[in-house]
Amino acid sequence: MILALWSTVALGADTVLYVVRHAEKDLTIKDDPPLTPAGVTRADALARLLRDVPLTGVHSTATTRTRATAGPTATGHHLDVATYDDPAALVAALRAAGGVHLVVGHSNTIDVIAGLAGGAGGAPVGDTEYDRLDVVVAPAAGPVVTQVLRYGHEAASVCCPERRE
């Protein structure tokens, strides 16, 4: 409900990015780990949360964990997951194209992505922080607004702990 409202407000923006870190990964596997069962649950929660958001694209790095996080949302919107390896090039392309996009990255890239889009980068993402969702609303003219939300299988709904402009 809250994200649907945000999307309605954001429709006047040229570009809206929903930026998340991949869901919980299996720490027992060193090379390209998959999601844990909790991570799969969180990825499904993300898809449910974004089901009414009019996404025009879903983007992920090529790792198994990011693609698995993006997959349920892409499937629900009948979109393919587009992979990226350069956050700066991705953000430049998305800002040029406009639209509403889910971008799945890593703990060391989600703040970079928000910042590249003109939003506030915010605090570093903790090693066990998987529930952060940065919403970057970027109009062609005017200030970019970043809303930091929390989501996941523990929470029944999204809460809004901080807003940055």
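Here are some friendly questions and answers about the predicted model shown above.

Reader: What is the mean pLDDT of the chain, and where does it fall below 50?
Author: Happy to start there, since this is a predicted model. The chain has a mean pLDDT of 87, with 84% of its residues at 70 or more. Where pLDDT is low, the predicted coordinates should not be read in detail. That caution applies to the stretch with pLDDT below 50, which has 31 contacts in the model beyond near neighbours in sequence and covers residues 155–165.

Reader: How many helices and strands does the chain have, and in what order do they run?
Author: The secondary structure comprises five helices and seven strands. Reading from the N terminus, the order of elements is α-β-α-β-α-β-α-β-α-β-β-β.

Reader: Which residues have the most contacts inside the largest nonpolar core?
Author: In soluble globular proteins, nonpolar side chains tend to be buried together. Here, buried residues account for 50% of the 165 in the chain. The largest nonpolar core has 18 residues, and those with the most contacts inside it are Tyr18, Val20, Leu55, Leu102, Leu133 and Val135.

Reader: Which elements each supply at least two residues of this core?
Author: One helix and three strands can be named here. They are strand 1 (15–21), helix 3 (64–76), strand 4 (99–105) and strand 5 (132–138).

Reader: How many residues are in the second, separate core?
Author: Good one to follow up with. Leu17, Val91, Ala114 and Val136 are among the members of this second core, whose residues number 15.

Reader: Is threonine 15 buried or exposed?
Author: Threonine 15 lies in strand 1. Outside the residues up to four places away in sequence, threonine 15 touches Leu94, Arg95, Gly98, Gly99, Val136, Val137 and Ala138. Because its relative accessibility is 1%, and the cut-off is under 20%, threonine 15 counts as buried.

Reader: What about histidine 78: is it buried or exposed?
Author: Histidine 78 sits in the loop between helix 3 and strand 3 (81–83). Its phi is near 55°, a positive value in a residue other than glycine. The C-alpha atom of histidine 78 is 9.9 Å from that of glycine 57, 21 residues apart along the chain. Since its relative accessibility is 74%, and the cut-off is over 50%, histidine 78 counts as exposed.

Reader: Why is aspartate 32 classed as partly exposed?
Author: Aspartate 32 belongs to the loop between strand 1 and helix 2 (37–49). Although not a glycine, aspartate 32 has a positive phi of about 50°. The class lies between under 20% and over 50%, so aspartate 32 is partly exposed because its relative accessible area is 36%.

Reader: Which ring does the charged end of arginine 42 sit over, and at what distance from its centre?
Author: Aromatic pairs will not help here, as the structure holds zero of them. The charged end of arginine 42 sits over the ring of tyrosine 151, and the distance to the ring centre is 5.7 Å.

Reader: What share of the accessible surface belongs to carbon and sulfur atoms?
Author: Let's finish on the outside of the chain. The accessible surface comes to about 7700 Å², and the share belonging to carbon and sulfur atoms is 57%.

Methods
Residues are numbered from 1 along each chain as its sequence is written. This is a predicted model: local features need pLDDT of at least 70, side-chain atom pairs count only at pLDDT 80 or more; totals for chains, interfaces and linings use all residues. Side-chain values use heavy atoms; hydrogens and water are left out. pLDDT is the predictor's confidence in each residue, from 0 to 100. Contact means heavy atoms within 4.5 Å. Rings of Phe, Tyr and Trp (its six-membered ring) pair if their centres lie within 6.5 Å; planes under 30 degrees apart count as stacked, over 60 as edge-to-face and the rest as tilted. A charge sits over a ring if NZ of Lys or CZ of Arg is within 6 Å of the ring centre and within 35 degrees of the ring normal. Helices (H or I, at least four residues) and strands (E, at least two) are DSSP runs, numbered from the N terminus. Buried means under 20% relative accessible area, exposed over 50%, partly exposed in between (1.4 Å probe, protein chains only). Accessible areas come from the Shrake-Rupley method with a 1.4 Å probe; for residues, only the protein chains shown count as cover. A nonpolar core is a set of buried Ala, Val, Leu, Ile, Met, Phe, Trp, Tyr and Cys residues joined through side-chain atoms within 4.5 Å.
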